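Student: Please take a close look at the stretch that the database record annotates as repeats. I would like one connected account, with the cut-off behind each term.

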Amino acid sequence: MEKTNDTQAFVEKQVNMLQENPGCASAKYNLGVMLMQQGRLDEAKILFEEAIADGTRMFEAYVNLGYIYFKKGDLEKVEECNRKAVEIEPRYARGYANLGFAYLQMEKTDEAIEVLHKAIELNPRIVQAWCNLANAYLQKGELDQAIKTNQKLLEMAPDFSLGHNNLAYAYYLKGDMVRAAGHLKRALELGFEAHPDFLKEMEPYLKK
């Protein structure tokens, strides 16, 4: 209950700020974040757009807009928003990570690899950036690099189930069924729902 009251008080504060100063970009941004967390994406989108409409260099607003466009399935807008974010703040690792994910989904593999390396250089602890980098190498057919990257990921996050699944698939493509089975078993133990076709292919090896 206390958390709900705190949230209501925060929202009221932002609304009051906007009543006093309708052009307050920070209040619009803060309200947008609250609405986004509530799943009210269209309303949040309007507030984020208004927050940056006057040229305010608020890179977080662009990143949040990128998230909303991702939920709407517009990858070109995801790319555009996150590229703007890193133009404003070139050391914002999360922006590069998001940009890499968008490129990966768009099958712009080389671009994905470049910006994901940048994200990791700025913040080596972004697990999803390592995961997407490994997938980019897999997408490119560079299995050894995909394996190496997934291994680094699992050194940092040993219980990351998707990392174990992806490493299992890379080993499977290499023909190393023993290692593939070991990592797939671990992914399943951690609750990962592997693709049914992959499970069927690996079933004989999982029984060993």
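Tutor: Helices (H or I, at least four residues) and strands (E, at least two) are taken here as DSSP runs, numbered from the N terminus. On that basis the chain of this predicted model holds 12 helices and 0 strands, and its elements, read from the N terminus, run α-α-α-α-α-α-α-α-α-α-α-α. The model is predicted, with pLDDT of at least 70 needed for local features and 80 or more for side-chain atom pairs, while totals for chains, interfaces and linings use all residues. Residues are numbered from 1 along each chain as its sequence is written, and side-chain values use heavy atoms, with hydrogens and water left out.

The stretch you ask about comes from an unreviewed UniProt entry, which lists "repeat: TPR" at residues 59-92, 93-126 and 127-160; its positions are given in the numbering used here, feature names are shortened, and annotations may be inferred rather than shown by experiment. Residues 93-126 are 79% helix and 0% strand, and their end C-alpha atoms lie 8 Å apart. For residues 127-160 the figures are 82% helix and 0% strand, with 9 Å between the end C-alpha atoms.

A good place to begin the close view is helix H4 (59-71). H4 has 13 residues and reaches 19 Å from its first C-alpha to its last, close to the expected 18 Å, where the expected span is 1.5 Å times one less than the number of residues. Phe59, Ala61, Tyr62, Val63, Asn64, Leu65, Gly66, Ile68 and Tyr69 are the residues of H4 that are buried, that is, under 20% relative accessible area with a 1.4 Å probe and protein chains only (exposed is over 50%, partly exposed in between). These buried residues pack against helix H2 (25-37), helix H3 (41-52), H5 and H6. Within H4, asparagine 64 counts as buried because its relative accessibility is 12%. Residues up to four places away in sequence aside, asparagine 64 touches Tyr29, Val33, Met36 and Phe48, a contact being heavy atoms within 4.5 Å. Just after H4, glycine 73 adopts a positive phi of about 85 degrees.

Further along the chain, another asparagine can be examined in the same way. Asparagine 132 sits in helix H8 and counts as buried because its relative accessible area is 5%. Apart from neighbours within four places in sequence, asparagine 132 is in contact with Phe101, Leu104 and Leu116.

H8 also helps to cover the buried residues of H9, as do helix H10 (161-174) and helix H11 (177-189). Those buried residues are Leu143, Ala146, Ile147, Thr149, Asn150, Leu153, Leu154 and Met156. H9 itself has 14 residues and spans 20 Å from its first C-alpha to its last, close to the 20 Å expected. Leucine 143, which belongs to H9 (residues 143-156), has contacts with Leu138, Leu173 and Lys174 once neighbours within four places in sequence are set aside. For leucine 143 and leucine 173, a separation of 30 residues in sequence goes with a C-alpha to C-alpha distance of 7.7 Å.

Two totals place these details in the whole chain. Buried residues make up 44% of its 208 residues, and, among contacts between residues at least 6 apart in sequence, 42% join residues at least 24 apart.
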